[in-house]
Amino acid sequence: MPPFTPTVREICLLSALFICLLYFSATFPRHSGAVSDLLSSSPHVVEDEVDTLPLTLETQYTLQVLNRPLSWGLGQVPETKIVAHVPGWTIFDRLYILNGTTYIVTDSPETVPDRRFMISTAAFIENGPEAEARRIPGDKEMRIISTEEAQHLFGTEAERLDGVTWLANDPKQFITHYYHWSAELFFGFWRTYSSLDPTIPPSGETALPAPRRLVFPHIDAANWRDYAAMNQWVLRTSFPSIATEFMNDWTERAELGRAFVLDRVVLADRAAAMNGEMYLRTQRTAANAFSLPGSVNWWTTIRNNVVGFSTLDENAGAMSVGGVFTRPVITYISRQGWNRRMLIQADHERLVQELYRLRDTYGYEVNVVEMDKLTRIEQFSLAARTTIMMGVHGNGLTALLWMRPTPRSTVMEFFYPGGFAHDYEYTTRALGMVHYGFWGDRYFTRPDVPPVAYPEGFQGNEIPIDGTLVAALCHERLTLSEEADD
């Protein structure tokens, strides 16, 4: 085939087209916007009418695929990551569940803590070697498996439980008690989880997503609330959107025979926490969690939510934490109507008289209350304003959780002489406040606290207290100089 040779006519036409192209590109008006802007400005383009439906859940998520499984096909099963761990409190990413058993998937099993420090059988906490043996976990509670074994067990995918889950692997034994719920379980959950944001400021703001669900594998739905309905108040005001699941839900998932994976889970286990060094020092399960990193303002997030809701003021919690000046408030929580752990009546009356003398002399606000006679809103509102809280060792002192964490914030706890328990002493210190224990006409504070003891009379109704001494210490705490506070 002979080579193609353009004719003179074709060369002339091609040259004319090239010259026209150069001319029009130089004279055509430039447009700095997008092509769509150029087209929309042209009178020859007809735009379709835009449908301006209001933004709703349906219009946003019409085409969304909900809850897509975690799929690995023929590849390796994604390994479980232990994000944080202390005895009794562990944060996992990708913890698997199959037939009611939790699975840690890893090809490095030597990096995984002993199961006894993470989980138990959830048997009741009782004394003695036999009771301890009943709590030791086995393969029914947790297994540590390789990625190869996981693929054999799980197949090619696992159904996701997305977001953050709090899993409480405890029996009902302590759950239905306001102190153990709020100042141990909830306290420990948030202290562990908030370790992922060690820069929480005094305002309590955090980038941590709220937990999606709270799961109780060993408790039914009728056995987590306390008699005073405080447990549910704390939970719902802290996390209004949280869902709760119980043993029936756990069993139903197990019966599906499919693998599930928790995106992120905080696993709490009271029996496992009892193996921790900090628990052995304080008898407080949440104490172990304080070995993790954390902000000094860690509890402010929860306090602000609960106090803000309870006082119907979204700024109430943050303002009081921020040190806004208020009149000092002394609150004496009386147990004189309880017929258990009460002051000697004459000592109670003298204490009230001395507190009222402080009120009349210095203008302090003084409240003498029985917590069970107040509504829940009244209880939270009063605690949030209180500077000094006092009372005989008992559940009413749980209200200290909602006090202002300021330099003058003080808790005074009255014990039968010779008796002592860490419950409120440790909780007070964990919140950055000062605790004083009283034995009649003597008081003590950290580091000079006595050993734990429950002598005869500890639960009785003849507990002595020196009202004059209590009042003097109140005035001393409320007249601290700013230099001393700093």
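## A walk through the chain, starting at Arg-385

With a relative accessibility of 33%, Arg-385 counts as partly exposed, because that label covers the range between buried (under 20% relative accessible area) and exposed (over 50%), worked out with a 1.4 Å probe on protein chains only. This is a predicted model, where local features need pLDDT of at least 70 and side-chain atom pairs count only at pLDDT 80 or more, while totals for chains, interfaces and linings use all residues. Residues are numbered from 1 along each chain as its sequence is written, and side-chain values use heavy atoms, with hydrogens and water left out.

Back to our arginine. Arg-385 sits in helix H14, which covers residues 376–385; helices here are DSSP runs of H or I with at least four residues, strands are runs of E with at least two, and both are numbered from the N terminus. Leaving aside residues up to four places away in sequence, Arg-385 touches Val-329, Glu-365 and Arg-404, where a contact means heavy atoms within 4.5 Å. Arg-385 and Pro-328 are 57 residues apart along the chain, yet 8.3 Å separates their C-alpha atoms.

Now zoom out to the chain as a whole. The protein chain has 17 helices and 15 strands, and 47% of its 486 residues count as buried. If you take the contacts between residues at least 6 apart in sequence, 74% of them join residues at least 24 apart.

Strand E9 (260–268) is a handy place to pick up the sheet pairing. Of the 9 residues in E9, 7 are buried, so the strand is mostly covered. E9 runs antiparallel to strand E3 (residues 89–98), with 8 bridges joining them; two strands pair if DSSP finds at least two bridges between them. To find that pairing in the model, look for Trp-89, whose bridge partner in E9 is Ala-268. E9 also pairs with E6, this time in the parallel sense and over 8 bridges. There, Val-164 has Arg-264 of E9 as its bridge partner.

Another parallel pairing joins strand E4 (residues 101–105) and strand E5 (residues 142–145) over 4 bridges. Thr-102 stands opposite Met-142 of E5. Together with helix H4 (residues 129–135), E4 and E5 make a right-handed β-α-β unit. Right-handed here means that, with the strands pointing away from the viewer, the path from the first strand over the helix to the second runs clockwise.

Next, the empty spaces. These come from a 1 Å grid over the protein atoms alone: a cavity is a set of points where a 1.4 Å probe fits but cannot get out, a pocket is an open set with protein on both sides within 12 Å along at least five of seven lines, and lining residues have an atom within 4 Å of a point. Grid points are joined across faces, edges and corners, and a volume is the space filled by probe spheres set on the points.

The largest pocket holds about 550 Å³ of space. Its lining has 28 residues, and those nearest the centre are His-177, Tyr-179, His-180, His-393 and Asp-423. They divide into 12 nonpolar, 9 polar and 7 charged, with Ala, Val, Leu, Ile, Met, Phe, Trp, Tyr, Cys and Pro taken as nonpolar, Asp, Glu, Lys and Arg as charged, and the others, Gly among them, as polar. Helices H6 (178–193), H10 (277–282) and H15 (423–430) each supply at least two residues of this lining, and H6 gives the largest share, with 4.

One of those pocket residues, His-180, lies in H6. At 15% relative accessibility, His-180 counts as buried. Beyond residues up to four places away in sequence, His-180 touches Phe-174, Leu-185, Arg-270 and Arg-284. Its C-alpha is 9.9 Å from that of Ala-286, which is 106 residues away in sequence.

As for closed spaces, there are 2 cavities of 30 Å³ or more. The largest cavity has a volume of about 130 Å³. Of its 14 lining residues, Asp-170, Phe-174, Ile-175, Leu-185 and Arg-270 lie nearest the centre, and H6 again gives the largest share, 4 residues. This lining divides into 8 nonpolar, 3 polar and 3 charged residues.

The second largest cavity contains about 100 Å³ of space. It is lined by 13 residues, with Ile-97, Leu-161, Val-215, Trp-250 and Arg-253 closest to its centre. E9 comes back here: along with strand E6 (157–168), strand E7 (213–215) and helix H8 (247–255), it supplies at least two of the lining residues.
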